[in-house]
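I opened this notebook to keep track of what I looked up in one structure. The entries follow the order in which I went through it.

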Amino acid sequence: MLDIEVIEDPAAAEASLDPIRTRILQELVEPASATQLAGRVGLPRQKVNYHLKALERHGLVELVEERRKGNVTERVLRATAASYLISPAALASVAPDPRRFADRFSAFWLLSLAARTVQEMGKLIAGAAVARKKLASFAIDGEITFRSAAERAAFAEELGVAVTRLVDKYHDGGAAAAAGGARKHRLVVVLHPALKTPSTEQAASGQTAEKDQGND
């Protein structure tokens, strides 16, 4: 079972978005039969079997074993992954193209880059799984609070300079490097505001109230 499976086939994406099938995939993190699932999701076994066949047809669940019970063969299935992510490739004709938004300050360019990352990583993970090799990747995730928009802009500028310096130091695009088996890698660095949580919104409203009281 994969930790995350990226869905590229439009039909598989459609099948996975059905609320009942999503619930079934969630339950099938651990192997189960249609009879067992029927009790968990509150549906007749025949109805569960119908959904299981659709999920199996699109490669989202897999057979673990078959158990013989009297004259009946019980099929035990499991989801092919613990989590699923739909690739922009499922909407290929309308998927975002980073080349349309070549502006490092554009939120749409950031989103296009993220979409491309999902699409490319999905293919790479699938290829690595088939080859039974570990995929070399690296990511940094963190949060930073800026006192002002000017400091945010200064940080972005310094970060760009630092990354450019590192790229110039380590990048080798020569023919000799390619002939020696050098592998091209994709580098994406993003910076965007963090989503507000209820606690941060309450804190902000509290600060506004204090300012208003101070102005009375």
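**Partly exposed or exposed: Glu157**

I started at Glu157, which counts as partly exposed because its relative accessibility is 42%. The model is a predicted one, and I read every entry below with that in mind.

**Salt bridges**

I looked up the partner of Glu157 and found a salt bridge with Arg104, with the closest N and O atoms 3.3 Å apart. The pair links distant parts of the chain, 53 residues apart. Arg104 sits in the loop between β5 (81–86) and α5 (107–131), and Glu157 sits in helix α6 (residues 149–170). Arg104 has a relative accessible area of 52%, so I entered this residue as exposed. The cut-off for exposed is over 50%.

I then asked how many salt bridges the structure holds. The count is 12.

Another of them joins Glu62 to Arg78, and here the closest N and O atoms are 3.0 Å apart. This pair also links distant parts of the chain: Glu62 belongs to strand β3 (residues 61–69) and Arg78 to strand β4, 16 residues apart. Glu62 is partly exposed, with a relative accessible area of 29%. Arg78 is partly exposed too, at 26% relative accessibility.

I also noted Arg147 and Glu151, whose side chains meet in a salt bridge at 3.2 Å, N to O. Arg147 is exposed, with a relative accessible area of 74%. Glu151 is partly exposed, at 32%.

Last under this heading, I recorded a network of salt bridges that links Arg23, Glu27 and Arg40.

**Where α2 meets α3**

The three residues of that network turned up again when I listed the contact of α2 with α3. On the α2 side I found Arg23, Ile24 and Glu27, and on the α3 side Leu37, Arg40 and Val41. By class, this contact has 3 nonpolar, no polar and 3 charged residues.

I looked up the geometry next. The two helices, α2 and α3, pack at an angle of about 115°, and their axes are 11 Å apart. The crossing of α2 past α3 is right-handed.

**The largest nonpolar core**

Which residues of the largest nonpolar core touch the most other members? I found Leu28, Leu37, Val48 and Leu52, out of 19 residues in this core. The elements giving two or more residues to the core are α1, α2 (19–27), α3 (34–41), α4 (45–57) and β4 (72–79). The most comes from α3, which gives 4 residues.

In soluble globular proteins, nonpolar side chains tend to be buried together.

I followed Leu37 further. Apart from neighbours within four places in sequence, Leu37 is in contact with Ile24, Glu27, Leu28, Ala32, Val48 and Leu52.

**Leu77 in β4**

I found Leu77 in strand β4. Leu77 is buried, with a relative accessible area of 3%. Not counting residues up to four places away in sequence, Leu77 touches, among others, Leu28, Leu52, Val61, Glu62 and Leu63. I also checked the spacing to Ala12: the C-alpha atoms of Leu77 and Ala12 are separated by 17 Å, and the two residues are 65 residues apart along the chain.

**Ala15 and Ser16 in α1**

I took Ala15 and Ser16 together. Ala15 lies in helix α1, and Ser16 is placed in helix α1 (residues 10–17).

Is Ser16 buried or exposed? Its relative accessible area is 9%, so Ser16 is buried. Buried means under 20%. Ala15, at 3% relative accessibility, counts as buried as well.

Then I listed the contacts, setting aside residues within four places in sequence. Ala15 touches Arg21, Leu55 and His58. Ser16 is in contact with Ile7, Thr22, Leu25, Leu60 and Ile86. For Ala15 I also noted that its C-alpha atom and that of Leu60 are separated by 9.1 Å, with the two positions 45 residues apart along the chain counted as their separation.

**Arg132**

My last entry is on a backbone angle. Phi of Arg132 is near 55°, a positive value in a residue other than glycine. Arg132 is placed in the loop between α5 and α6. At 80% relative accessibility, Arg132 counts as exposed.

Terms used. Residues numbered from 1 in each chain as written. Predicted model: local features only at pLDDT ≥ 70, side-chain atom pairs only at ≥ 80, totals over all residues. Heavy atoms only, no water. Buried < 20%, exposed > 50% of the residue type's maximum accessible area, 1.4 Å probe, protein only. Contact = heavy atoms within 4.5 Å. Core = buried A, V, L, I, M, F, W, Y, C linked by side-chain atoms within 4.5 Å. Salt bridge = Lys/Arg side-chain N within 4 Å of Asp/Glu carboxyl O. Axes fitted to C-alpha atoms, helices over the stretch in contact; angles between N-to-C directions. Left-handed = near helix turned anticlockwise from the far one by under 90°. Nonpolar A, V, L, I, M, F, W, Y, C, P; charged D, E, K, R; others polar.
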